[in-house]
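Please explain this structure, taking the helices and the loop residues beside them before the salt bridges.

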Amino acid sequence: MSVQERDPCPHRILDDLGGAFAMGAIGGGVWNAGAGARNSPRGERLIGSIQGVKARAPVVGGNFAVWGGLFSTFDCSLVAIRRKEDPWNSIASGALTGGVLAARGGWRAAGRSAAFGGVLLAMIEGLNIFLTKMLADPTPQPYAPPQPPPQMAPMEPRGLRLPQGAPPPQQGAPPPPAGMGAPPSGGELMRDTAPQS
């Protein structure tokens, strides 16, 4: 999803929180359904699977929701502070989120988790940029630099139309005599075609 298609910042936090919870609950439900069925005795695998989903899927969804909510909160805060939306906001948000979530383990654990979150988000953003460039339409920019005008053929003088293949008129040559190349006038035409008696 591109930056232009996302919700504005205060709404984005709730949107990401809900999306992360749904993703965690569905993924955790599938995972724990398999684990519950595998760990149950024969004949009670369906019941074990359902109990595993009921017990663990909401917890996994809640963990995902906390991560998504913190990430979006940091992302919106960085957008407000920096006044621009770019991949660096996401990378820093991932590092801050990882560090805050591991803060109870001490500075060393928080630093490791922050580095892991930053690297993970950098890989995701890099892959996103790579795929965007690979799948982009290779059409030229809408405002391409102007092209030089095409070469124009020399223009003929106005009023003079030459038949194709005729040599161009010579400069300074006298006009042709009336009977030689000029079209006959209306009177000459009538006189030539009048019946003779």
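Helix α2 is followed by Arg-83, whose phi is positive, near 60 degrees. Helices here are DSSP runs of H or I with at least four residues, numbered from the N terminus. The positive phi occurs although Arg-83 is not a glycine. Arg-83 lies in the loop between α2 (45-82) and α3 (87-101). Its relative accessible area is 72%, so Arg-83 is exposed; the classes are buried under 20%, exposed over 50% and partly exposed in between, with a 1.4 Å probe and protein chains only.

This is a predicted model, in which local features need pLDDT of at least 70 and side-chain atom pairs count only at pLDDT 80 or more, while totals for chains, interfaces and linings use all residues. Residues are numbered from 1 along each chain as its sequence is written, and side-chain values use heavy atoms, with hydrogens and water left out.

The helix before that loop can be checked for length. The expected span of a helix is 1.5 Å times one less than its number of residues. For the 38 residues of α2 this gives 56 Å, and the end C-alpha atoms are 53 Å apart, which agrees. α2 also bends by about 35 degrees at Arg-56, and a proline, Pro-58, follows within four residues. The bend at a residue is the angle between axes fitted to the seven residues ending there and the seven starting there.

The structure holds three salt bridges, each defined as a side-chain nitrogen of Lys or Arg within 4 Å of a carboxyl oxygen of Asp or Glu. One of them joins Arg-12 to Asp-75, with the closest N and O atoms 3.4 Å apart. Arg-12 belongs to helix α1 (residues 9-39) and Asp-75 to helix α2, so this pair ties together parts that are 63 residues apart in sequence. Both Arg-12 and Asp-75 are buried, Arg-12 with a relative accessible area of 3%.

Arg-12 also meets the side chain of Glu-85 in a salt bridge, at 3.3 Å from N to O. This pair links distant parts of the chain, 73 residues apart: Glu-85 is in the loop between α2 and α3, and Arg-12 is in helix α1. At a relative accessible area of 36%, Glu-85 is partly exposed. Arg-12, Asp-75 and Glu-85 are thus linked in a network of salt bridges.

A further salt bridge is formed by the side chains of Asp-86 and Arg-82, at 2.8 Å from N to O. Asp-86 is partly exposed, with a relative accessible area of 21%, and Arg-82 also counts as partly exposed, at 33%.

Conventions
Helices (H or I, at least four residues) and strands (E, at least two) are DSSP runs, numbered from the N terminus.
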